[in-house]
Amino acid sequence: METGIQRLFLSALVLPLALLTSAEHVSAQTESGDQNPGLDRVISPDTKRREIRQAEVDTEDFEIGIFYGVMNVEDFGTNGVGGLRLAYHITEDFFMEANYGITTTRETSFEKLSGSTVILTDDQRDLSYYNLSLGYNLFPGEIFISDKYAFNSNFYIIAGAGNTNFADEEHFTYNLGIGFRLYATDWIAIHLDVRDHVFEHDLLGEDQVINNLEAHAGITFFF
Amino acid sequence: MNLTHDAEHFNKGQAPGMKTRVFLNRITATIAIGTALLLMCQTASAEDEISDHERATVDTSYIDMRTGPGRGYPIFYAIEQDEIVELIKRRTDWVKVRTRRGKTGWAHVSQMEETFGADGKQLSFNHANKDEYLARRWEIGFNGGDLEGANALGATLGYRFTQNLTAELKLSQATGQFSDSKIGSIAVMHQPFPEWRVSPFFIMGTGIIDTSPDTTLVQTEDRSDTSLLVGAGAYIYMNRRFVLRLEYNNYQVLTSRDENEEVNEWKLGFNVFF
């Protein structure tokens, strides 16, 4: 764009000059020495060349916040989950996001029924995850409350990969989700998210791919 | 209003109607509290807007003002030539502006470049294109791939201090069938031809590699070793702020045993710059 503008200015500068010289050439041939002020006024645009500098404006493309909700860990119950979210808005469509969340899982039904069997220690029941994802704002829009207020909103899809630390093991984890972001102001947003965290573990004997669904609400701040 | 009216009409003379009404009241109360919170946020933001923002004078026939920072938001106002606007903030390629009459909305940077500041100088807004890519300072990236058969995932932070040289912090985690590893490195990256669309690079660095074998299989201790890294790859400029990055890294792990270990890593990811 900058070069575009520069080009525009250059052509604005060069074109009249070229026209002027050729016009002068022609007028010199026909009227020998006539300055032709009328033509001059028509073809030289009244533009001043401006210097260019950076605008001083605060950019708010980063988003930081917290969330809380429920997460289901297959075989290990559904429990509260809380975490942190950091995002960078690359364009109006795309954003990249890093999440960190923790939850504590419960005993499996098998452990409860058998009475004495214990698969994991208390520490091992803690599950933490992080992921790096790319999101796409699918349906930007506005939400109206009465006839006075309108709030901007986005419905987004997001996918990425990360790691889950569960039962003293690291598990490579894919995540996939949809979310809704409502801008309470330009810099405060309220989120509603549903995510699926997919990983493989062998805690119950054999390798098993599990889907762990999470639904949470969050608040974020742009800076 | 409509909702309550309909509900009353519907429940006239019915005993279970009470329950519905209580339920409706509860919903209305919840919505009211939510709205109150939202409105409080709005007032709070209205108060903090007394400040010394840059002022820009429109130097083109008009600038479209939209209700939100996106191309789909409706245009509700046209800022006229010679009108002065305050630049409140910027998000991605949109600038939030306020006119003297108090109209507030979002204008695209490409239109905002046809304005000049109080000093008479034309204003420019960095926006994501190839020129901006070539002049970038900071970049962050996410990547994924393979580290000796294990799934590897990583993030990078780079600072480009000359046209060809970038200092980089790399964090990577690999989860495999037999062992997991975490690698943290600092490296220097050299791009001999930064202006090429597909631009090769070479990288050298050092770091620490933490390896923990899978406990359900083998009982060995976790170890932490110094590693040296050499690698090569390519930057492929896509568009806007996106750069695709393909890379191969070779780590020499300086173990306490007699032999050093060699680890190969292949990765594909994207970087964004700002």
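A residue counts as buried here if 20 or more other C-beta atoms lie within 10 Å of its own, with C-beta atoms placed from the backbone. By that yardstick, buried residues make up 29% of the 223 residues in chain A. Please keep in mind as you browse that this is a predicted model.

**Chain A on its own**
- You will find three helices and nine strands in chain A.
- Walking along the sequence, the order of elements in chain A is α-α-β-β-β-β-α-β-β-β-β-β.
- Of the contacts in chain A with a separation of 6 or more, 55% are between residues 24 or more positions apart.

**Where chains A and B meet**
- Chain A brings 43 residues to the contact, and chain B brings 50 residues.
- On the side of chain B that touches chain A, at least two residues each come from α2 (17-47), β4 (84-91), β5 (94-99), β8 (122-124), β9 (138-147), β10 (150-160) and β11 (165-175) of chain B.
- The element that gives the most to this side of chain B is α2(B), with six residues.
- Sorted by class, the side of chain B that touches chain A holds 20 polar, 16 nonpolar and 14 charged residues.

**A strand pairing across the chains**
- Strand β1 of chain A, residues 52-54, is joined to β8(B) by three bridges, and the two strands run parallel.
- For a spot to look at in the structure, try Ile52(A), which stands opposite Gln122(B) in β8(B).
- β8 (122-124) of chain B is also among the elements that supply at least two residues to the side of chain B touching chain A.

How values were computed:
Residues numbered from 1 in each chain as written. Chains lettered and ligands numbered in written order. Predicted model: local features only at pLDDT ≥ 70, side-chain atom pairs only at ≥ 80, totals over all residues. Helix = DSSP H or I, 4+ residues; strand = E, 2+ residues; numbered from the N terminus. Buried ≥ 20, exposed ≤ 12 C-beta atoms within 10 Å, placed from the backbone. Contact = placed C-beta atoms within 7 Å. Nonpolar A, V, L, I, M, F, W, Y, C, P; charged D, E, K, R; others polar. Pairing = 2+ DSSP bridges.
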